[in-house]
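Trainee: I would be grateful for a close look at one part of this structure. Could you take me through it step by step?

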Amino acid sequence: MFRCRGCHDLAYESTRQNATERANRRIMTLQRKLAAPAGSDLFHVPSRPAGMHVAMYARLVSELLTEDRRRDALFGAALEALLSGSELLLSERGG
């Protein structure tokens, strides 16, 4: 039977993503707006697409770089938490 999301208690995929996954999605969106080739990395900022105003290009590149730094910080924090947790586990085991 077809019902609305509320009736089936369904959630959007984005509500189940953590902060790092949301940052990745935002980066992919910005790369798509900048017409970057699929799978391109951030070390190569794409050239300005034809017809895009310089100010818009500068804003999108700035957002892209900001989001990349944010994702790196989130990843670093997650890695630090993981490593500190493993250190606790090792100390509890006496290793």
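The request and its answer follow below.

Trainee: Which salt bridges involve helix H3, and how buried or exposed are the residues that form them?

Mentor: Please keep in mind that the model is predicted. Helix H3 covers residues 54-93, and the structure as a whole holds four salt bridges.

Let us begin with a contact that reaches outside the helix. Arginine 26 pairs with glutamate 63 in a salt bridge, and their closest N and O atoms are 2.5 Å apart. This pair connects distant parts of the chain, since arginine 26 belongs to helix H2 (residues 19-33) and glutamate 63 to helix H3, 37 residues apart. How accessible are the two partners? Arginine 26 counts as partly exposed because its relative accessibility is 30%, and the range for that class runs from 20% to 50%. Glutamate 63 has a relative accessibility of 22% and therefore also counts as partly exposed. The contact does not stand alone: a network of salt bridges links Arg26, Arg59 and Glu63.

We may now turn to contacts within the helix. Arginine 70 and glutamate 67 form a salt bridge through their side chains, at 2.8 Å from N to O. Both residues lie in helix H3, three residues apart, which is about one turn of the helix. Their accessibility should be read one residue at a time. Arginine 70, at 39% relative accessibility, counts as partly exposed. Glutamate 67 has a relative accessible area of 14%, so it is buried, the limit for that class being under 20%.

A further salt bridge joins aspartate 68 to arginine 71, with the closest N and O atoms 2.8 Å apart. These two residues are separated by about one helical turn because they are three residues apart in helix H3. Aspartate 68 is buried, as its relative accessible area is 16%. Arginine 71, with a relative accessible area of 23%, is partly exposed.

Finally, helix H3 also contains phenylalanine 75. Phe75 joins Leu79, Leu82 and Leu83 in a nonpolar patch on the surface, and together they have about 410 Å² of accessible area.

In summary, arginine 26 and glutamate 63 link helix H2 to helix H3, whereas arginine 70 with glutamate 67 and aspartate 68 with arginine 71 are pairs inside helix H3.

Conventions: Residues are numbered from 1 along each chain as its sequence is written. This is a predicted model: local features need pLDDT of at least 70, side-chain atom pairs count only at pLDDT 80 or more; totals for chains, interfaces and linings use all residues. Side-chain values use heavy atoms; hydrogens and water are left out. Patches are made of residues with over 30% relative accessible area and no salt bridge: like charges are joined within 9 Å, nonpolar side chains (Val, Leu, Ile, Met, Phe, Trp, Tyr) within 5 Å. Accessible areas come from the Shrake-Rupley method with a 1.4 Å probe; for residues, only the protein chains shown count as cover. Helices (H or I, at least four residues) and strands (E, at least two) are DSSP runs, numbered from the N terminus. Buried means under 20% relative accessible area, exposed over 50%, partly exposed in between (1.4 Å probe, protein chains only).
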